[in-house]
Amino acid sequence: MENDSPTLRAKGPVFMTTPGGFDFEQIKRLLEQLGLGSGTQGLDLNAMMQQLQRMQGAGMPFTPADQDPDAAWLTTVTAAKRLASDTGGEITLTSDQRLAIVDAERLAQSWLDAATTFPNSGIPPIISTRTQWLDATSSGWRRLVTPIMEGFADALQRGTEVQEMAEFAQLQQAMGPWLRTSVALFYRERLGKVLAGVACDTLTGSELGMSLAPSRAVTLLPSNINEFSRDLDLTERDMLIYLSLREAARQRLFTQVSWLLPQLEALLAHFAREITIDFESMYSDLDFGSEDFSLEDIVKAGEQVRGSFFKPATTELQLEILGRLEVLLALIEGWVDYVTGLAATSWLPGIAQLHEVIRRRRASAGPTREVFKDLLGLETSPRLIRDAENLWASLDHRYSPAQRDAVWRHPDLLPTATHLADPLSYVHPDHRDESEGDLDAELRRLLGG
């Protein structure tokens, strides 16, 4: 891989990716190099099938690393780390600055003890650079995105099962391994840029809404914090304490609620299984069976496939899955918002201003919003997070912090989107629908009802 570019390269015929994905003109040139026609003559599918059979015996035009999942993932993370490093801006901390971060985390933990029943793990805080954060979260990111990459590849394979595309389907079957590797290359190139962007933006280890590092330590990225707070009218000490509070609250939640991260991953995997590419629409625009079908048509088809990737969900099931994911992320961040405010109100005079700064950041271009928008087409709603904060506050006011936190014991006990819109329907027994049945009874037991 070249040092001055994130371009992915392969030995032999070259696949180059562009910021939007594959350069399908390169595919065209590759097919021409294989003797499969030119842009001015029809594409001989029989000749292509014969050539692909010969290629299968000699090996497809990818490097061994492209077909080795471990090596391929390392390549992706390495590219992300290089992009993050090339942005510059990493600062070198003095010993006093490091001590200030450690003290801020210790103070934040002591305040949280009175605001939540979830205990402090006692793990020392981590002061991280951008590349160190990418290393620490690499395995978590891999678990998160692998089902999505496989979902795109499966969708491409399923798409050619359209009845009218039988001839093209034979070609796809022969090209199966090649296409799956191509999809992985396409997605990893996009992913490397997304990861680099998050690493240069995230203020704490789990600000994107989930804890992806194996360690549940409070993690701060001073270079990003320095960049973010440069023009804010806030003291460095208050900012460090407030960010430590938020990070510590989130890490306590993920440590004590063992099903939370697997549930998020399961929702993403379910979404990935439902990814579709509208080949029928593509077929209506392109005559794959025509004798005049050419490499220009392959380029056009490739552009349409690329347009099907990373678009917002459209099917009812996809929208339902993303709705559940959005609610769960909102409940997490709403709980963090409420517990953080509860812990700091008596100690930080500027808590309202700090809280508003984070709200505005989240509404504009926070890492959570950008990650899920880029990878899934999911727009997280700041309003939904405020609704969740209000619901947790209502639970706390009516019952107690212990009973509020007990709701996290099982995913079936969590509030739904309907509850977020009307907290009374969840918090007050008199307002609950009788049809809630066992869930209502369990909530009454947990909340001392």
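Reader: Of the contacts between residues at least 6 apart in sequence, what share joins residues at least 24 apart?
Author: It's 79% of those contacts in the protein. Keep in mind that this is a predicted model. A contact here takes heavy atoms within 4.5 Å.

Reader: What is the protein built from, in helices and strands?
Author: The protein has 21 helices and four strands. As for burial, 52% of its 449 residues are buried.

Reader: Let's take some helix pairs. Why are α11 and α14 called roughly antiparallel?
Author: Start with the angle: helix α11 (residues 260-273) and α14 cross at roughly 160°, and their axes come within 9 Å. Angles over 145 degrees count as roughly antiparallel. The crossing is past that cut-off, so α11 and α14 are roughly antiparallel to each other. The hand of this crossing is left-handed.

Reader: Which residues make the α11 and α14 contact?
Author: From α11 you have Leu260, Gln263, Leu264, Leu267, Leu268, His270 and Phe271, and they meet a set in α14 that includes Leu317, Ile321, Arg324, Leu328 and Ile332. Sorted by class, that contact has twelve nonpolar, three polar and one charged residues.

Reader: And α14 with α17: what makes that pair oblique?
Author: Helix α14 (residues 316-344) packs on helix α17 (residues 382-398) at about 55°, with the axes 7 Å apart. Roughly parallel needs an angle under 35 degrees, and roughly perpendicular runs from 65 to 115. An angle of about 55° falls in neither class, so the two helices are oblique to each other. This crossing is right-handed.

Reader: What kinds of residues are in the contact of α14 with α17?
Author: They come to eleven nonpolar, two polar and five charged. Among them, α14 brings Glu326, Trp335, Asp337 and Tyr338, while α17 brings Glu389, Trp392, Asp396 and His397.

Reader: How do you know that α9 and α10 are oblique?
Author: The axes of helix α9 (residues 222-229) and α10 cross at roughly 125° and come within 12 Å. Perpendicular stops at 115 degrees and antiparallel starts over 145. The value sits between those limits, so α9 and α10 are oblique to each other. It's a right-handed crossing. The residues involved are Ile225, Phe228 and Ser229 of α9, with Met239, Leu240 and Leu243 of α10. Five of these residues are nonpolar, one is polar and none is charged.

Reader: On to single residues. Why is tyrosine 242 called buried?
Author: Tyrosine 242 belongs to helix α10 (residues 236-256). Its relative accessibility is 1%, and buried means under 20%, so tyrosine 242 counts as buried. Beyond neighbours within four places in sequence, tyrosine 242 is in contact with Thr340, Leu348, Ile351, Leu354, His355 and Ile358.

Reader: How far is tyrosine 242 from histidine 355?
Author: Along the chain they are 113 residues apart, yet their C-alpha atoms are separated by 8.6 Å.

Reader: Glutamine 251 is in α10 too. What makes it count as buried?
Author: Glutamine 251 has 5% relative accessibility, which is under the 20% limit, so it counts as buried. Leaving out residues up to four places away, glutamine 251 touches Ser206, Ser211, Arg216, Ala217 and Val218. A polar atom of its side chain lies 3.5 Å from the backbone oxygen of alanine 217. From glutamine 251 to phenylalanine 118 is 133 residues in sequence and 9.7 Å in space, C-alpha to C-alpha.

Reader: What about threonine 116: why is that one called buried?
Author: Its relative accessible area is 7%, and anything under 20% is buried, so threonine 116 qualifies. Threonine 116 sits in the loop between α5 (95-112) and β3 (126-127). Its contacts, apart from neighbours within four places in sequence, are Arg252, Trp335, Val339, Arg404 and Asp405.

Reader: What joins the side chains of threonine 116 and aspartate 405?
Author: That would be a polar contact of 2.8 Å. The cut-off for a polar contact is 3.5 Å between N or O atoms.

Reader: Last one: how do you know that serine 425 is buried?
Author: The relative accessible area of serine 425 is 11%, and the limit is 20%, so serine 425 is buried. Serine 425 is part of helix α20 (residues 424-427). A polar atom of the serine 425 side chain lies 2.6 Å from the backbone oxygen of aspartate 422.

Conventions:
Residues numbered from 1 in each chain as written. Predicted model: local features only at pLDDT ≥ 70, side-chain atom pairs only at ≥ 80, totals over all residues. Heavy atoms only, no water. Axes fitted to C-alpha atoms, helices over the stretch in contact; angles between N-to-C directions. Left-handed = near helix turned anticlockwise from the far one by under 90°. Nonpolar A, V, L, I, M, F, W, Y, C, P; charged D, E, K, R; others polar. Buried < 20%, exposed > 50% of the residue type's maximum accessible area, 1.4 Å probe, protein only. Polar contact = N/O pair within 3.5 Å; in protein donor to acceptor, adjacent residues only side chain to side chain.
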